[in-house]
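Here is a guided look at one protein chain, written for someone who would rather think at the bench than scroll through coordinates. Please keep the viewer open as you read.

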Amino acid sequence: MSLIRRGNAFDPFSLDIWDPFQGFPFGTGSSLFPSFASANSETAAFAGARIDWNETPEAHVFKADVPGLKKEEVKVEVEDGNVLQISGERSKEQEEKNNKWHRVERSSGKFLRRFRLPENAKTEQIRASMENGVLTVTVPKEEAKKPEVKPVQITG
């Protein structure tokens, strides 16, 4: 078992992937069990945008770390009525011919994350906001229906 290192542990766009299949006969990166190791490195470094999903009594709240992105570079969509899709792209910086690069650690490329929402999600009332590199998507929940209690008269 190993950890495939793709960058700095403090970089929210790096991938630290535990590979439970390393050392097994079918190997890692096979067509049966694909891995990020065989993915395009430009997109693989940015593919794992970290997202937290928190459920409160009133809503499902998703928070995504997207530092350096503008709200125009991020999309929040609902597919098939109950799948929340968060995607975006960070473009590569243009290299100037006169500049000498010593280190390039910031990742670029596309990311796409999908979450199947529970039945109690009010998808028509989803709100999204972005502040200080954190995208917050709030999906309100329908109120839990209280069971109707009917008294039954006892005869006899």
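The sections below go from confidence to the overall fold, then to the sheets, the salt bridges and two loop residues.

## Confidence and ground rules

This is a predicted model, in which local features need a pLDDT of at least 70 and side-chain atom pairs count only at pLDDT 80 or more, while totals for chains, interfaces and linings use all residues. Residues are numbered from 1 along each chain as its sequence is written, and side-chain values use heavy atoms, with hydrogens and water left out.

The protein chain has an average pLDDT (the predictor's confidence in each residue, from 0 to 100) of 76, and 69% of the residues score at least 70. Confidence is lowest in strand β1 (residues 2-5), with a mean of 43, and highest in strand β9 (residues 134-140), at 97. Two stretches deserve a cautious eye. Over residues 1-18 the pLDDT stays under 50, and the model gives this stretch 49 contacts (heavy atoms within 4.5 Å) beyond four places in sequence. Residues 27-46 also have a pLDDT below 50, with 36 contacts in the model beyond near neighbours in sequence.

## The overall fold

What does the secondary structure of the protein chain come to? There are 1 helix and 9 strands; helices (H or I, at least four residues) and strands (E, at least two) are DSSP runs, numbered from the N terminus. Along the sequence, the pattern reads β-β-α-β-β-β-β-β-β-β.

Of the 156 residues in the protein chain, 28% are buried. Here buried means under 20% relative accessible area, exposed means over 50%, and partly exposed is in between (1.4 Å probe, protein chains only). Among contacts between residues at least 6 apart in sequence, 53% join residues at least 24 apart.

## Two open sheets

One open sheet has 4 strands in the order β3-β4-β9-β8, with antiparallel pairing. Strands count as paired if DSSP finds at least two bridges between them. β3 (51-55) and β8 (127-131) are at the edges with a single partner strand each, so one side of each has no neighbour in the sheet. From one strand to the next, the twist averages 15°; for such angles, axes are lines fitted to C-alpha atoms, for helices over the stretch in contact, and angles run from 0 to 180 degrees between N-to-C directions. Between the antiparallel strands β8 and β9 there are 5 bridges, and E131 has V134 in β9 as its bridge partner.

The other open sheet has 3 strands, ordered β5-β6-β7, again with antiparallel pairing. Its edge strands, β5 and β7, each pair on one side only. The twist here averages 15° from one strand to the next. β5 runs antiparallel to strand β6 (residues 83-90) and is joined to it by 6 bridges; one bridge pairs V74 with G88 in β6.

## Salt bridges

How many salt bridges are there? The count comes to 2, where a salt bridge is a side-chain nitrogen of Lys or Arg within 4 Å of a carboxyl oxygen of Asp or Glu. One joins E55 and K141, whose closest N and O atoms are 2.7 Å apart. E55 is in strand β3 and K141 in the segment after β9, so the pair ties together parts that are 86 residues apart in sequence. K141 is buried, at 14% relative accessibility, whereas E55 is partly exposed, at 48%. Beyond its neighbours within four places in sequence, K141 has contacts that include E55, P57, H60 and N120.

The side chains of E79 and R114 form another salt bridge, at 3.5 Å from N to O. This pair links distant parts of the chain, with E79 in strand β5 (residues 74-79) and R114 in strand β7 (residues 109-116), 35 residues apart. E79 is partly exposed, with a relative accessibility of 28%.

## Two loop residues with positive phi

D80 is in the loop between β5 and β6. Although D80 is not a glycine, its phi is positive, at about 50°. Is D80 buried or exposed? D80 is exposed, with a relative accessible area of 73%.

N132 is in the loop between β8 and β9. Its phi is near 55°, a positive value in a residue other than glycine. At 73% relative accessibility, N132 is exposed.
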